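Subject: The structure, and what turned up in it

Hello,

Here is the structure I promised to pass on. Have a look at it first, and then read on for my notes.

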Amino acid sequence: MDALAGDWRHICVDMQRMFAEDTPWHVPWMSVVSPQVIEVVERHAERTIFTRFLTPRNIGEAPGMWRTYYEKWREMTLDHLPPEMLEIVPSLARFCPPALVLDKATYSPWMDGRLHEHLRKTGVATVVITGGETDVCLLATALGAIDLGYRVIVLKDAVCSGVDETHDASLKLLGDRFSVQLDLVRTEEFLSLMQ
């Protein structure tokens, strides 16, 4: 991986209690990748932006096909899920501030333009991505960043999913099809460049 040109930010995708704890969306691998994520945030909290996937109060608040989605996952609406489950896991929340939190109601953090505008104003050219799930929100984050022209670095030992097969397939897709615009590297390799 080449040295970074320009400013960069770490986007830590949806490392929330509802994925770390005993819910229908529990991601067992989150505990395995957490040490790598924590190491990046500890060293670069001021460059970190945590995204939070926010579920609606009830099915009626969900637009379009999201309504069908939450009919399947009714227990993840806030009528059933304690609101504190939307929070960033405590081991990472302690870095806020200086780390920022960006709330979203979709897989992608780019939809409303706030994240892109913030990064553009600060001259960011590269985004470094960790978190989960590799095959859902993290994939949407990476592809959106590519579409917007950012250099993307995915720390492959700091991402996770609840489904091993699609996690592996997503990393293969990102590494094979987007290799000109995206680097897949291990956390240690990335951090060694930042010293």
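Which residues is valine 27 in contact with, leaving aside its neighbours within four places in sequence? They are Phe19, Glu133, Cys160, Ser161 and Gly162. Valine 27 itself sits in the loop between α1 and α2 (30–43). With a relative accessibility of 3%, valine 27 counts as buried, because anything under 20% does. Looking further along the chain, the C-alpha atoms of valine 27 and threonine 68 are separated by 22 Å, with their positions 41 residues apart in the sequence.

Before going on, a word about confidence. Please keep in mind that this is a predicted model. The mean pLDDT of the chain is 94, and 96% of the residues reach 70 or more. Confidence is highest in strand β2 (residues 48–53), at 98, and lowest in helix α8 (residues 187–193), where the mean is 92.

The largest pocket

You may want to turn to the largest pocket next, which holds about 260 Å³ of space. Its lining is made up of 16 residues, and those nearest the centre are Phe19, Trp25, Tyr69, Glu133 and Val136. By type, the lining residues divide into 11 nonpolar, 3 polar and 2 charged. Two of the contacts of valine 27, Phe19 and Glu133, are thus also among the residues nearest the centre of this pocket.

Tryptophan 25, another of those central residues, lies in the loop between α1 and α2. Tryptophan 25 is buried, with a relative accessible area of 8%. Apart from neighbours within four places in sequence, tryptophan 25 is in contact with Met18, Phe19, Phe53, Thr55, Tyr69, Tyr70, Trp73 and Met76. Among these contacts, Phe19 and Tyr69 also appear in the group nearest the pocket centre. For a sense of scale, the C-alpha atoms of tryptophan 25 and glutamate 117 are 30 Å apart, and the two residues are 92 places from each other along the chain.

Glutamate 133 has a feature of its own: the peptide bond that leads to it from glycine 132 is cis, with omega near -15°. Glutamate 133 is placed in the loop between β4 (124–132) and α6 (137–147).

Threonine 55 and histidine 10

Threonine 55, one of the contacts of tryptophan 25, is in the loop between β2 and α3 (65–72). Threonine 55 is buried too, at a relative accessible area of 5%. Beyond residues up to four places away in sequence, threonine 55 touches Met18, Trp25, Tyr70, Met76, Thr77, Leu78, Leu81 and Leu86. With methionine 76 there is a polar link as well: the side chain of threonine 55 reaches the backbone oxygen of methionine 76 at 2.8 Å. Threonine 55 and arginine 67 are 12 residues apart in sequence, and their C-alpha atoms are 11 Å apart in space.

Histidine 10 belongs to strand β1 (residues 7–13). Is histidine 10 buried or exposed? Histidine 10 counts as buried, because its relative accessibility is 0%. The side chains of histidine 10 and threonine 130 are joined by a polar contact of 2.6 Å. If neighbours within four places in sequence are set aside, histidine 10 is in contact with Val40, Val41, Arg47, Thr48, Ile49, Val128 and Thr130.

Backbone details and α6

A few backbone details deserve a look while you have the model open. Aspartate 14, in the loop between β1 and α1 (17–20), has a phi near 50°, which is a positive value in a residue other than glycine. Aspartate 14 is buried, with a relative accessible area of 1%. The peptide bond from proline 97 to proline 98 is cis, with omega near 15°. Proline 98 is found in the loop between α4 (90–93) and β3 (100–104).

Finally, there is α6. Why is α6 described as largely enclosed by the rest of the structure? The reason is that 8 of its 11 residues are buried. The buried residues of α6 are Cys137, Leu138, Leu139, Thr141, Ala142, Gly144, Ala145 and Ile146. Just after α6, glycine 149 takes a positive phi of about 95°.

Happy browsing, and best wishes.

Note on methods: Residues numbered from 1 in each chain as written. Predicted model: local features only at pLDDT ≥ 70, side-chain atom pairs only at ≥ 80, totals over all residues. Heavy atoms only, no water. 1 Å grid on protein atoms, 1.4 Å probe; cavity = no way out; pocket = protein on both sides within 12 Å on 5 of 7 lines; lining within 4 Å. Points joined across faces, edges and corners; volume = space filled by probe spheres on them. Nonpolar A, V, L, I, M, F, W, Y, C, P; charged D, E, K, R; others polar. pLDDT = per-residue confidence, 0-100. Helix = DSSP H or I, 4+ residues; strand = E, 2+ residues; numbered from the N terminus. Buried < 20%, exposed > 50% of the residue type's maximum accessible area, 1.4 Å probe, protein only. Contact = heavy atoms within 4.5 Å. Polar contact = N/O pair within 3.5 Å; in protein donor to acceptor, adjacent residues only side chain to side chain.
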